[in-house]
Every structure is written in C-alpha cells, then in structure tokens.
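Me: Got a minute to go through this one with me? I'd like to start with a strand and work outwards.

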Amino acid sequence: MIASPTAPLVAARDLSVHFPITHGVFGSPLGWVRAVDGVSFTVSRGETLALVGESGSGKTTTARALLRLIPATSGDVSFDGVDVRALRAAPLRRLRRRMQLVFQDPYSSLNPRRTVGEAVREGLLVHRLADGSAADDRVRNALEEVGLRPDFAHRYPYELSGGQRQRVGIARALVVEPEFLVCDEPVSALDVSVQAQIINLLQDLQRDHHLTYLYIAHDLAVVAQVATRVAVMYFGRIVELAPAAALFHDPLMPYTRALLASVLVPDPMARRAHTVLAGESPSPTAPPPGCAFYPRCPDPRKDAACTTVVPPLEEKAPGRFAACIKEPVRLARIPSHPSPDPQP
C-alpha cells in the first residue's frame, strides 16, 4: 500500500519503548524503564521535524524505534503508508533503503579498518544497487555532493577531521538515495566553526534531493536554523509540538521556556525571561504519578490534579499542541534590546 502524496511520510502513534530491568543473565524482569511512553507525531514530506529535550528524554530511542533498529513495546509506526512494525526481514531491508540514519559521533560510526570508499559503497552492495565501476561512480558523486574530493575514497577515517568524517557519514546515507533521513545530533560532536558548514550542507541536500528530516538535537540555537516544526520531549513523552517560529516566539509549556532560556545569546544587552527549574528529572524506573514534570514545574497554578492526571498532548491553538491540564499562559514578546531612555 502506498499512501497518497498529501499523507504524512512518517507517522508514529502511541509509540512506546520499555526496557526491562533484570537480575542476572536469565532473570525475569524486576521492573521497566519507560524510555519512550506513548509518543505520537507525523512528519510530512519535505519538512524538518526537530525532536528536542534534555539528555535521556527519549529522543534517540524514539528515532531508532521509528527505523526499527530497536523493537517498540507498543504503538504503530508507518512509513509512506506501510506498517513498519509488521514487516518481515526482506521487505524491511528494502524499506530501509528509503530511510537512513546519520549518527551523532563521526569518530565511532566509521569502521577504522575500512577506507572511506568502502564505507560509502557498503549500502550499494547491501541493497544491490550498483557494483564495479557503476558503484565507483556513485561513491565519487556522493563524496562530491558532500564537499569531499573523489580521492578521499582511498583514505581511512583516522586521516580525516571530525567534520570530514561527518561528511562521509552523510555521503554513506545519501548514496542509496533515501527519502527520509534521521539526523541524530549530527553537529554536537563537532567544533563550532564546522557546525555551520554541516548544517548548510544538510539544508542544501534537502533542497536538492527533496529529503525529509527528523532532526534530533538539544541545542535549540541549531534547531532554530533548520526546523519546520519542533517536538519537545520530557521523560519519554512529547510535551509540546508546534511550528518552529511559533514555539520560539511564544512557548506554551514552562519546560519549553526553560529550554529556551538556557540558549546562549551573543548579545550582552539582550533581555530574556529566565525560567529556573528546581530539582532533577524523575527516575525512569519509578515515574511519579500524574504529570512527570509536576515536581519541577514553576507554574503557580499547579495543584493536586497535576499529581493524578497524566496530561495528554492536546491542541491548544491551531497547529500548537501541549501536554498540560492547565490552559497555557501566553507570554508577551520581550524585546531583544532595552528601549532607549526617553529624550527630555
């Protein structure tokens, strides 16, 4: 079954991934870590959905469950109308050509015993797309598209810088001509001077190849440059989902405001609202009842109902979703610079 062109390319509904806590090698589960707990979202063709949140919030686990690199505990995942969780080995391998992953760490994601050309060529051989001179041509074209000379095919990863290695990782994903690319914090391990180059490269490739991105990040300054929409995760759940411009201009959730307040602004005269969160994230092995954010929530309106009701992700305004049982408090816009003193 192929979905219509207007349907989302990727859709997750009530997706959960729980990891067992066991004692010993063959012990029965003593408990469960709810790494992802009932996540739902869609990714439309050609857009970039950013998945943001603190470390440990479930971003990478969500992405790997989408690609079926790890098994989901429950929920549904569809790609272009195909039920990903129901596929057997052969059709799943064919589908994986259309959805690829760019890893976070360019230093550990490349085999040090293989040349760059062998790493990029591997996808062509696995999916039986090209061999011999035809494969050489496609490897050369992929390297040139990511800004590397064809002679880089004969080099080993230890001969490359971090930015060059990440370009190889992008070429390896790109060479099989995917439609959907999961970028798992692709610039977080790189120098700041190189990050902008990789971000610009990903944007150029998206335009030239009509790619769809799921962009995982914790750096909201980067997300502001690349995202069409932003999904904010906390404790394995999405707590806010909105168009990027609306979310950065007027976040609905206190947690989102705290994340935005943590972004460094290279302007000593800038004035911003600061949200300080008390305490730490709850233990994933012993989640609190009700809203997981309740112990840290600075909203003075929180009450006993917040400790008993798990807030669903609901549409609070057109295209804007938040997981809170209270009506969101809209923030007035804060100017980037203080107003000048009135003239006498």
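Me: Which residues of β7 are on one side and which on the other, and are they buried or exposed?

Reply: Phe180, Val182 and Asp184 sit on one side, with Leu181 and Cys183 on the other, and all of them are buried, so both faces of β7 are covered. Keep in mind that this is a predicted model.

Me: So how many of the residues in β7 are buried, and what follows from that?

Reply: Five of the five residues in 180-184 are buried, so β7 is largely enclosed by the rest of the structure.

Me: Does β6 run parallel or antiparallel to β7, and how many bridges join them?

Reply: Parallel, with four bridges between β6 (residues 99-102) and β7. To find the register, look at Leu101, which stands opposite Val182.

Me: And what about β8, how does that pair with β7?

Reply: β8 (residues 212-217) pairs with β7 in the parallel sense too, over five bridges. Asp184 stands opposite Ile216 there. To get from β7 to β8 the chain passes through helix α6 (residues 192-209), and that β-α-β crossover is right-handed.

Me: OK, changing topic. Which residues of β4 are on the covered face, and which on the uncovered one?

Reply: Gly75, Val77 and Phe79 make up the covered face of β4, while Ser74, Asp76 and Ser78 are on the uncovered one.

Me: What's the pairing with β1 like, parallel or antiparallel?

Reply: Antiparallel, with five bridges joining β1 (residues 10-22) to β4. Phe79 is the bridge partner of Val10.

Me: And β5, how many bridges join it to β4?

Reply: Two, and β4 and β5 run antiparallel. Phe79 turns up again here, standing opposite Val82 in β5. The two strands form a hairpin with two residues between them, and Asp80 in the turn has a positive phi of about 55 degrees.

Me: What does the Asp80 side chain meet in a salt bridge?

Reply: Arg98, at 2.7 Å from N to O. That pair links distant parts of the chain, 18 residues apart: Asp80 is in the loop between β4 (74-79) and β5 (82-83), and Arg98 is in the loop between α2 (89-96) and β6.

Me: Is Asp80 buried or exposed?

Reply: Buried, with a relative accessible area of 4%. Arg98 is partly exposed, at 21%.

Me: Which residues are in the salt bridge network with those two?

Reply: Arg45 and Glu179 are linked with Asp80 and Arg98 in that network.

Me: How many salt bridges does the count come to?

Reply: The count comes to 20 salt bridges. One of them is Arg296 with Glu54, where the closest N and O atoms are 3.5 Å apart. That pair is 242 residues apart, with Arg296 in the loop between α9 (254-261) and β11 (314-317) and Glu54 in the loop between β3 (48-52) and α1 (59-66).

Me: How does Arg296 count, buried or exposed?

Reply: Arg296 counts as buried, because its relative accessibility is 9%, under the 20% cut-off. Glu54 counts as partly exposed at 28%.

Me: Now helices. What does Arg121 form a salt bridge with?

Reply: Asp136, with the closest N and O atoms 2.0 Å apart. Arg121 lies in helix α3 and Asp136 in helix α4, so the salt bridge ties together parts that are 15 residues apart in sequence. As for accessibility, Arg121 is partly exposed at 21%, and Asp136 is partly exposed at 34%.

Me: While we're at α4, what should its span be, and what do the end C-alpha atoms give?

Reply: Its 14 residues (132-145) should span 20 Å at 1.5 Å a residue, and the end C-alpha atoms are 20 Å apart, which agrees.

Me: Which of its residues are buried?

Reply: Ala135, Val139, Ala142 and Leu143 are the buried ones in α4. Looking down the helix axis, they fall within an arc of 100 degrees, so they line one face of α4.

Me: What do those buried residues pack against?

Reply: They pack against α3 (116-126) and α5 (162-174).

Me: And what happens just after α4?

Reply: Gly147 comes just after α4 and takes a positive phi of about 90 degrees.

Notes
Residues are numbered from 1 along each chain as its sequence is written. This is a predicted model: local features need pLDDT of at least 70, side-chain atom pairs count only at pLDDT 80 or more; totals for chains, interfaces and linings use all residues. Side-chain values use heavy atoms; hydrogens and water are left out. The expected span of a helix is 1.5 Å times one less than its number of residues. Buried means under 20% relative accessible area, exposed over 50%, partly exposed in between (1.4 Å probe, protein chains only). The arc is that of the directions from the helix axis to the C-beta atoms. Contact means heavy atoms within 4.5 Å. Two strands pair if DSSP finds at least two bridges between them. A crossover is right-handed if, with the strands pointing away from the viewer, the path from the first strand over the helix to the second runs clockwise. A salt bridge is a side-chain nitrogen of Lys or Arg within 4 Å of a carboxyl oxygen of Asp or Glu.
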